[in-house]
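Reader: Could you take me on a close look at the ligand site and the empty spaces in this model? I'd like one connected tour, please.

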Amino acid sequence: MRSKIVAGNWKMNKNLAETDALLAELSAKLPDTTAEVMVAPTFVNLTGALSTLESSTIQVIAQNMHFAENGAYTGEISADMLLNIGINTVIIGHSERRAYFGETDEILAKKVKAALAKNMRVMFCFGEELQDRKSDNHFNIVESQLRNALFDLEASAWKNIILAYEPVWAIGTGETASPEQAQEMHAFIRKTITDAFDVTIANEVSILYGGSVKPNNAVEIFSKPDVDGGLIGGASLIADDFMAIVKAI
Ligand code: PEP
């Protein structure tokens, strides 16, 4: 079902005590909202986060996972390991995983399938780089990222997919896509999914925008009809900023 979502990707930030303190502040300041609010702390703090948020509606999600069930993959974490501690949503395809850890569309397609096979929800990230936008190739890039990772899924799998369009040039740069650029791309994404699957799937999937969303631009971005929320990096590390963005939805 298409829901409003605000998710905080903490990346490699916050130790155990800092995680606990930020989560306590977030849960105390969480406004009344029908939106789903999620945070993705680092792996080692997931269990602690779950217990700190035990009586909160804030969901704890993972930043990544491996596609294999188990085995000789030093340093990796499987879907079963996440499920076993109580995590059922995972971010896959973040541009930092693609850029710094060599995650190709092929690898990401395997991860998506592995997570869906376990009934996990997948927040799939994708988006063009600056040179793609400058050369007017951004629609092609986005279409191919979606096609390569998601278009051979069963139609029924889409209920567990959340999309996060994150233009790479807007991540952590302070440069935001204008609300019109975000709306234009989100509408294109829905049309692409309509063509590949059907209009019901396209209209039911939540499409988040990510890239320097801050309290001062969130209302305008979230007011666009095809933007269902945001994936937030930097601003999710500051409780008042993150909660201002939650209020904006
Ligand atoms: C992100 O990393 O997904 C992100 C959107 O970061 P920021 O909000 O800092 O641009």
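**Pockets, cavity and ligand**

Author: Let's start with the second largest pocket, which has a volume of about 230 Å³. Bear in mind that this is a predicted model. Lining that pocket are 14 residues, and the ones nearest its centre are Ser95, Glu96, Ala99, Glu129 and Val168. Two elements, helix 4 and helix 7 (138-150), each give two or more residues to the lining of this second largest pocket. Helix 4 gives the most, with five residues. Sort the lining by class and you get five nonpolar, four polar and five charged residues.

Helix 4 turns up again in the largest pocket. There, helix 4 (residues 95-100) again gives the most to the lining, this time with three residues. The largest pocket holds about 410 Å³ of space. Its lining runs to 17 residues, with Lys11, Gln63, Asn64, Arg97 and Phe101 lying nearest the centre. By class, that lining splits into seven nonpolar, six polar and four charged residues.

Now for the enclosed space. Just one cavity of 30 Å³ or more is found in the structure, and the largest cavity holds about 40 Å³. Its lining is made up of Gly93, His94, Ser95, Arg98, Cys125, Phe126, Gly127, Glu166 and Val168. Here helix 4 shows up once more: helix 4 and strand 5 (121-126) are the elements that give two or more residues to the cavity lining. The classes come out as three nonpolar, four polar and two charged. Ser95 and Val168 are worth a second glance, since both line this cavity and both are among the residues nearest the centre of the second largest pocket.

Glu166, another of the cavity-lining residues, takes us to the ligand. Around the ligand sit 14 residues, the closest being Lys11, Glu166, Gly172, Ser212 and Gly234. Lys11 should ring a bell, as it is also one of the residues nearest the centre of the largest pocket. As for polar contacts, Glu166 places a polar side-chain atom 2.7 Å from an oxygen atom of the ligand. Gly172 uses its backbone instead, with an N or O atom 2.7 Å from a ligand oxygen. Gly234 also goes through the backbone, where a polar atom is 2.8 Å from an oxygen atom of the ligand. On its own the ligand has 290 Å² of accessible area, and the protein covers 97% of that. The shell that does the surrounding divides into four nonpolar, eight polar and two charged residues.

Key
Residues numbered from 1 in each chain as written. Predicted model: local features only at pLDDT ≥ 70, side-chain atom pairs only at ≥ 80, totals over all residues. Heavy atoms only, no water. Near = heavy atom within 4 Å. Polar contact = N/O pair within 3.5 Å; in protein donor to acceptor, adjacent residues only side chain to side chain. Areas by Shrake-Rupley, 256 points an atom, 1.4 Å probe, with all protein chains shown as cover. Nonpolar A, V, L, I, M, F, W, Y, C, P; charged D, E, K, R; others polar. 1 Å grid on protein atoms, 1.4 Å probe; cavity = no way out; pocket = protein on both sides within 12 Å on 5 of 7 lines; lining within 4 Å. Points joined across faces, edges and corners; volume = space filled by probe spheres on them. Helix = DSSP H or I, 4+ residues; strand = E, 2+ residues; numbered from the N terminus.
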